[in-house]
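Colleague: Could you take a close look at one part of this model for me, the open sheet and whatever packs around it? I'd like one connected tour rather than a list.

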Amino acid sequence: MRAIQVTRHGGPEVLQPAVIDRPEVSPGHVLVRVEAAGVNFIDTYQRSGLYPTPTPFVPGKEGAGEIVAVGEGVEHLVEGEGIAWAFTQGSYAEYVSVPVSDAYPVPEDVELDMAAAVMMQGLTAHYLATSSYAIMPGDTVLVHAAAGGVGLLLTQLAVARGATVIGTVGSEDKARIALQAGVTHALRYDQFEDMATDLPAAVRGIAPEGVAAVYDGVGRATFDGSLACVARRGHLVLFGAASGPVAPVDPQRLNAAGSVYLSRPTMKDFLTTPEEREQRASDILNGILLGDLTVRIDRGLSLEEAAEAHRALEARETTGKVLLHP
């Protein structure tokens with residue numbers, strides 16, 4: 001089968017098209033013909049070596065497609081059924097073997113492209129809004145990169161839970177998109193001279209006491225400013241490092257900031273039981289089906305254009321999801 005393979009860590013250029021063996025279906029798994037693979041920052045972290053991954057490997061952890069073979073012991077999935085997944089390695093390929101625990105049936109009226117676009121970022125937004133810090137009616141929260149894939153979904157979930165959302169964006173076009181998703185105040189961080197001081201000043205001009213929670217997937221470039229935006233006993237949820245990892249933090253800084261809570265969540269810790277996985281996935285897919293959640297697909301590229309997809313994502317040129325089509 002055709003796939004993208006990484007034989008050494010590095011920049012987008014290490015994403016090389018290859019022909020490799022098609023995976024065999026194994027017990028407890030289904031073999032899926034990939035319709036679309038989602039491109040995510042975690043893919044860039046694995047590619048670069050920030051998240052050490054033994055080489056060679058096929059990147060990609062998210063996608064949707066049609067089941068072509070069912071492994072021994074699988075009872076509730078059948079050939080021809082459409083499924084999506086959000087944590088299965090090897091999705092930049094024509095076929096992938098998906099464990100039953102990561103296979104989410106896609107409602108018939110939801111397109112597979114849409115399911116591929118929403119799974120990882122949708123599940124991420126869901127646990128952020130409901131578990132990392134459970135947003136309450138009347139809260140004001142700050143969402144970084146509010147026009148990105150997670151940001152747009154997180155904004156919609158926050159607004160649905162009764163919150164006011166302040167969002168950071170990098171351009172006027174992204175501000176417009178964020179406002180359409182429900183952001184009340186779109187702050188142009190590309191216009192800040194000093195993120196550590198200008199961001200808190202802008203946020204506290206809107207919410208003088210600070211925000212109940214900051215959702216920060218950017219990392220190094222925004223961390224200091226984010227911490228200064230949090231209200232007393234508020235939450236700084238650091239869920240990514242798009243600009244690089246944050247340096248070690250002295251706990252006394254949390255004290256000085258107002259007894260602030262700092263967390264560094266990861267998705268797998270919020271998908272620990274079949275019931276939890278099914279509930280989160282069901283909420284997201286049904287939200288798409290009912291029109292309560294809108295997913296913006298920025299672009300669809302061929303498998304061979306994986307390097308271009310990574311460059312666009314890392315350059316923050318995207319507003320919404322990037323998909324690869326084998």
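The open sheet and its surroundings

Modeller: Let's start in the middle of things: Y215 stands opposite V237, a residue of β12. Before going on, keep in mind that this is a predicted model, where local features need pLDDT of at least 70 and side-chain atom pairs count only at pLDDT 80 or more, while totals for chains, interfaces and linings use all residues. Residues are numbered from 1 along each chain as its sequence is written, and side-chain values use heavy atoms, with hydrogens and water left out.

Now the sheet. Its six strands run in the order β10-β9-β8-β11-β12-β13, the pairing is parallel, and the sheet is open. Strands here are DSSP E runs of at least two residues and helices are H or I runs of at least four, both numbered from the N terminus; two strands pair if DSSP finds at least two bridges between them. The edges are β10 (185-188) and β13, each of which pairs on one side only. On average, neighbouring strands of this sheet are turned by 15° against each other, direction ignored. For that angle, axes are lines fitted to C-alpha atoms (for helices over the stretch in contact), and angles run from 0 to 180 degrees between N-to-C directions. Inside the sheet, β11 and β12 share five bridges, again in the parallel sense.

While we're on β12 (residues 230-238), have a look at R233, which sits in that strand. Its phi is near 60°, a positive value in a residue other than glycine. R233 counts as exposed, because its relative accessibility is 61%; the cut-offs are under 20% relative accessible area for buried, over 50% for exposed and partly exposed in between (1.4 Å probe, protein chains only). S259 also has a positive phi without being glycine, near 55°. It lies in the loop between α7 (252-256) and β13 (261-263), and S259 is partly exposed because its relative accessible area is 45%.

Back to Y215, which takes us into the packing. Y215 is among the residues with the most contacts inside the largest nonpolar core, along with V118, M119, L123, L128, I135 and V141; that core has 54 residues. A nonpolar core means a set of buried Ala, Val, Leu, Ile, Met, Phe, Trp, Tyr and Cys residues joined through side-chain atoms within 4.5 Å. Sheet strands β8 (140-143), β9 (164-169) and β11 (211-216) are among the elements that each supply at least two residues of this core, and so are helices α2 (112-132), α3 (149-160), α4 (172-181) and α8 (274-290). Of these, α2 gives the most, with 11 residues. Apart from this core lies another, of 33 residues, including A3, V30, L303 and A306.

V118 shows what this packing looks like from one residue. Not counting residues up to four places away in sequence, V118 touches E62, L123, L153, I284, L285, I288 and V295, where contact means heavy atoms within 4.5 Å.

T124 is found in α2 too. T124 counts as buried because its relative accessibility is 9%. Leaving aside neighbours within four places in sequence, T124 is in contact with V150, F239 and M267.

Helix α2 also has a nice aromatic partner. Rings of Phe, Tyr and Trp (its six-membered ring) pair if their centres lie within 6.5 Å; planes under 30 degrees apart count as stacked, over 60 as edge-to-face and the rest as tilted. By this rule there are three aromatic pairs. One of them, Y127 with F270, is stacked, at 4.5 Å centre to centre with 5° between the planes. This pair links distant parts of the chain, since Y127 is in α2 and F270 is in the loop between β13 and α8, 143 residues apart. Both rings are tucked away: Y127 counts as buried because its relative accessibility is 3%, and F270 is buried because its relative accessible area is 16%. Elsewhere, ring pairs link F41, Y45 and Y51 into a cluster.

As for what the records say, UniProt lists residues 10-324 as "domain: Enoyl reductase (ER)" in an unreviewed entry. UniProt positions are given in the numbering used here, feature names are shortened, and annotations may be inferred rather than shown by experiment. In the model, the span 10-324 is 31% helix and 24% strand, with its end C-alpha atoms 20 Å apart.
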